[in-house]
Amino acid sequence: MKSQVGRVLIVVTAVQLVAICSTFALGIRLPSQGAAATGQSDAFVAQADDATALFYNPAGVTQITGSEIAVGSWNWFPDYRFEGVGTKGRMDKPAFTPHFYAVSDLGLLRWRFGIAANSVFGTAVDWRDTPSFRFLVTKANLTVLSIAPSVAYQVNDHLSVGASLNIYYGNSGLEKNVMLAPPPFPEGHFRFSGDGVGVGATLGLLWKINTRNSLGVVYRSPFSIEAEGSAEITHPLAGIPDSSTSAQFNFPQIVTAGYAFRPIMNLKLEADIEWLNYDSVNEIRFHSSNPAFDGNRIPLNWKDSFCYRFGTEYKLNDHWAIRAGYAYSENSVPDKTFSPLVPDLTYHSFTLGAGYSKPKWGVDMAYQCYISEPRNVSGSINSPAVDGEWECQNHAFIVTANLKF
C-alpha cells in the first residue's frame, strides 16, 4: 500500500507545487501601505511626502524635517464567486496587514534615515465549503514580511535619491485532499508548511521639476525565498509522515513611474504606471528528503502585467485633505495555470480618503472598492474543476496614524 501511496504522491505533488508557488507569485502583491496614498489609489510615487514614502518611493523622505513615525493597518474583505458546470463556489475570508515606518533627519540637512516594516505579499483562502476544489486547495495562507532599513539623500533643491535594503521573511501553509486509491477508499489530507528569508533592494528617485510638477521612479529588485519546512499526507489507513521539504520561490522585479501636477498649490493630480515582470517567474524547484517530493520542476508560464493608477489630493486648509483615485490592474495568471489558490482577475479599483493633521500628529483613512471583470476560465491544468466564470468584488479600509517630533 505504501508503494502505491508513493506513486500517487508524485502526481499529487506535481499539481500541488504549482498551487503552492502560485500563492507566492501572482495576484497577491499588496500595494496599499499607507492611507494617504491609498486614498489616491496608491498614485503616490511622485508625491511621497510622508513616512510611508519608505515603501512608495524612499527618495521622498527628504521632504520630511525632523522625525516622523507612522503606523496603521490595511483591512481587506474579499468576495470571490465561481460558477461552473453544476457547481458553485464562494470565498470571503478577510485579511489584515499592519504597516510601520520611522524616519529621521538626525539633525542633518540633506540626509534622511528610516526603517519600514510591512507585509508586501500575502493571501489567505478558505475553500472548505466548495467540495469541487478539495483536490486543489481547501485552505491556504501566505505572509511575506519586509524589514527595510533605508537612506535618502537630497542632491539639490530639485533631485533626491533613496535606497532600501529589503529583508524578506516568508511563511506559508497549504492544505488539500488527495485521492490515494479509487472510491470507496477514503481520501487523504495533504499539508505543506514552510518559511524562509530572502534579500532584495529598492531604489527611488524624486525629481521636483518645479513647484507644480514632479516625477518619481522606483525600482524593486527580484528576490528569492528558500522556504524550508515539511510536507505530509495523513490518512486513517496509509499516510506519509512529515518529510523535510524545501523550495525556492522567485519573485519578480517591479518598476513604478509617476508624474504629479499641481494646477493650483492645494490640488495635486497624479498618474502612475507599474510593470510587474512575472514573465521571469517561469518555474519552481523542490527538494525533499522524501523521493516522492524531491526533484520536481514545475513550469508556470505566467505573464507580465501592468497596473495604471490615477489619484488626486485636495487640501481644504492647513488641517484637512480629501482624496480620490482610480486604478486598473491586469491579471497575471493565464488560463493554463489558473487555480482557486490565487483566483487572479483584472480589476477596476475606486478609492476615497480623507486626512486630518496637526503640527505634531495626524490621521489618514481611506476606503477601496475593487470590482473585477468577469473571467471565463477553460483549459487550465486544474480543469475541469476551475472551468467556469469567476468574479469578485472586494472592499478594503485602511487607516494610518502618524506622530511628528
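Biologist: Before we start, what do buried, exposed and partly exposed mean here?

Modeller: Buried is under 20% relative accessible area, exposed is over 50%, and partly exposed is in between, with a 1.4 Å probe and protein chains only. Leu 106 is exposed, with a relative accessible area of 59%.

Biologist: Good. What sort of model is this, and how does the numbering run?

Modeller: This is a predicted model, where local features need pLDDT of at least 70, side-chain atom pairs count only at pLDDT 80 or more, and totals for chains, interfaces and linings use all residues. Residues are numbered from 1 along each chain as its sequence is written, and side-chain values use heavy atoms, with hydrogens and water left out.

Biologist: Back to Leu 106, then. Where does Leu 106 sit?

Modeller: Leu 106 is in the loop between β4 (95-104) and β5 (111-126). Its phi is positive, about 50 degrees, although Leu 106 is not a glycine. Helices (H or I, at least four residues) and strands (E, at least two) are DSSP runs numbered from the N terminus.

Biologist: Why point out a positive phi?

Modeller: Because most residues other than glycine have a negative phi. Asp 42 also has a positive phi, about 65 degrees, and is not a glycine. Asp 42 is in the loop between α2 (35-38) and α3 (53-56).

Biologist: Is Asp 42 buried or exposed?

Modeller: Asp 42 counts as buried because its relative accessibility is 5%.

Biologist: Any odd peptide bonds? Which ones are cis?

Modeller: The bond from Pro 183 to Pro 184 is cis, with omega near 15 degrees, and Pro 184 is in the loop between β7 and β8. Another cis bond joins Ser 383 and Pro 384, with omega about 5 degrees. Pro 384 belongs to the loop between β20 (375-377) and β21 (388-404). As background, most peptide bonds are trans.

Biologist: Let's zoom out. How many helices and strands are there?

Modeller: The protein has three helices and 21 strands. Its C-alpha trace spans about 75 × 40 × 30 Å along the principal axes. Of its 405 residues, 54% count as buried.

Biologist: How does the radius of gyration fit a compact globule?

Modeller: The protein has 23 Å, which agrees with the value near 22 Å for a compact globule of 405 residues. That radius is taken over C-alpha atoms, and the globule rule is 2.2 Å times the number of residues to the power 0.38.

Biologist: And the surface? Where is the nonpolar patch?

Modeller: The patch is about 810 Å² and its residues include Phe 100, Leu 145, Leu 165 and Tyr 169. The elements giving two or more residues are β6 (139-154), β7 (159-178) and β8 (188-208), and β7 gives the most, with three.

Biologist: What gets a residue into a patch?

Modeller: Over 30% relative accessible area and no salt bridge; like charges are joined within 9 Å, and nonpolar side chains (Val, Leu, Ile, Met, Phe, Trp, Tyr) within 5 Å. A salt bridge is a side-chain nitrogen of Lys or Arg within 4 Å of a carboxyl oxygen of Asp or Glu. Areas come from the Shrake-Rupley method with a 1.4 Å probe; for residues, only the protein chains shown count as cover.

Biologist: How does Leu 145 look on its own?

Modeller: Leu 145 lies in strand β6 and is partly exposed, at 37% relative accessible area.

Biologist: Last one: what does Ser 349 touch?

Modeller: Contact means heavy atoms within 4.5 Å. Not counting residues up to four places away in sequence, Ser 349 touches Ser 41, Gly 325, Tyr 326, Ala 327, Cys 369 and Tyr 370. Ser 349 is in strand β18 (residues 347-357) and counts as buried, at 4% relative accessibility.
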